[in-house]
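Hi everyone, thanks for coming. Let me pull this one up on the screen so we can walk through it together.

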Amino acid sequence: MTYMKFGTKAVHAGVEPDPTTGAIMTPIYQTSTYVQESPGKHKGYEYARTQNPTRDALQASLAALENGKYGLCYATGLAATDTIMKTLRPGDEVICTNDMYGGTYRLFTTVFQPFGIKFIFVPMAEAESVEQYVTDKTKMVWVETPTNPLMNVIDIEKIAAITKKHEVLLTVDNTFATPYLQNPLDLGADIVMHSVTKYLGGHSDTVMGAIITNNEKLYESYKFLQNAAGGTPGPQDCFLVLRGIKTLHLRMRQHCINGKAVAEFLEQHPLVGKVYYPGLESHKGYEIAKKQMRDFGGMVSFTLKDDKVTTAIKTLENFNLFALAESLGGVESLCGHPASMTHASIPPEERKKSGLSDSLIRLSVGIEDTEDLIADLKQAIESASKA
Ligand SMILES: *Cc1c(COP(=O)(O)O)cnc(C)c1O
């Protein structure tokens with residue numbers, strides 16, 4: 001079947017009625033093994049680390065959403081990243097976005113660096129400037145866009161021109177944008193990585209990761225590692241994500257509407273300092289975002305004019321609707337303090353270099369009614385300054 005449009009793919013891709021019963025929903029194949037007729041004679045399934053039909057359906061769905069040939073899923077986003085890095089060898093170099101997700105930074109610097117892989121963290125807002133870091137040892141460029149939590153936007157096409165010229169791989173962490181807003185493979189990336197935990201799952205009930213690629217050789221390596229290293233998700237989680245994906249386009253529409261409304265409210269509020277949202281014309285990545293994304297998403301960060309950490313913390317404590325929690329991308333709105341939560345594993349001097357203020361507040365704007373979210377923001381900000 002070929003699917004023309006995103007919403008149709010979200011509902012149908014990868015999902016076929018169950019061949020034994022006609023069940024329209026892919027069953028949760030909660031099994032570790034499969035019975036063989038005779039040694040080596042089976043229905044294509046031998047052991048659940050290697051293959052599982054619920055996982056197969058999800059993998060096909062993820063590939064279709066990213067306009068990719070191959071999809072693979074892993075126990076978490078970091079397990080997917082770990083898989084990608086395991087194909088590198090001592091001496092290899094990776095050029096990375098400097099204000100990346102804290103857990104990715106920790107995996108690169110504390111797990112893979114000691115094995116002899118070198119990571120170079122650089123700002124990528126000026127895409128052309130990345131070329132100066134390419135050496136004959138460079139194997140990959142790792143891009144996260146929009147970045148977490150400063151919403152810097154990186155020009156994927158421009159970076160892809162550099163990686164193609166030097167024959168190195170380009171990986172894009174597409175967690176924040178989701179395939180609804182941005183398709184890195186179409187823009188020249190070789191590999192897309194997702195924390196499925198976030199918008200793809202969408203209901204804050206699962207952790208999972210994914211890799212999507214058009215490159216058959218890379219796919220074979222990542223698939224080999226899925227089985228050989230074993231970082232696979234269980235069938236129950238695959239089912240939950242399959243269900244989540246069916247409403248991805250509807251959820252994303254509302255995340256975008258609310259994200260924009262919240263960013264605009266914050267921008268005009270007298271107690272607010274800087275607002276980071278790629279959909280604001282004042283945002284320095286606005287033009288690139290407009291070019292490579294279909295809309296601007298639901299992630300918004302801001303500082304208060306009163307730049308004290310204590311005022312930011314008071315604001316966070318004041319929220320009634322926005323729940324103070326790590327993670328993002330669920331239907332409910334969340335707020336967080338990157339410096340002490342998601343980005344605590346990045347050293348203070350690195351945080352400072354990338355412009356991440358200790359008073360920055362990050363919002364994952366959910367799909368509730370816009371007016372209620374704005375009322376909550378207003379009271380939280382205003383009562384923190386009164387106290
Ligand atoms: C959460 C996140 C990850 C890590 O994914 P997990 O599912 O938590 O392992 C990677 N990148 C980004 C941008 C994230 O938000």
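I'll start with the ligand and then move to one of the strands.

Quick housekeeping: this is a predicted model, where local features need pLDDT of at least 70, side-chain atom pairs count only at pLDDT 80 or more, and totals for chains, interfaces and linings use all residues. Residues are numbered from 1 along each chain as its sequence is written, and side-chain values use heavy atoms, with hydrogens and water left out.

So, what surrounds the ligand? There are 15 residues around it, counting any with a heavy atom within 4 Å. Leu-78, Asp-173, Ser-195, Thr-197 and Lys-198 are the closest. Ser-195 puts a polar side-chain atom 2.8 Å from a ligand oxygen, and Lys-198 has one at 2.7 Å from a ligand oxygen; a polar contact here is a pair of N or O atoms within 3.5 Å. The protein buries 93% of the 380 Å² that the ligand exposes when taken alone, by the Shrake-Rupley method with a 1.4 Å probe.

Two elements, α3 (77–85) and β6 (191–195), each give at least two residues to that shell; helices are DSSP runs of H or I, at least four residues, and strands are runs of E, at least two.

Now, β6 pairs antiparallel with β7 over 5 bridges, where pairing takes at least two DSSP bridges. Ile-191 sits opposite Thr-213 of β7. Strand β1 (residues 70–74) also runs antiparallel to β7, again with 5 bridges, and Tyr-70 has Thr-213 as its bridge partner.

And is β7 buried or exposed? In β7, residues 209–213, 5 of 5 are buried, meaning under 20% relative accessible area (1.4 Å probe, protein chains only).

Notes
Polar contact = N/O pair within 3.5 Å; in protein donor to acceptor, adjacent residues only side chain to side chain. Buried < 20%, exposed > 50% of the residue type's maximum accessible area, 1.4 Å probe, protein only.
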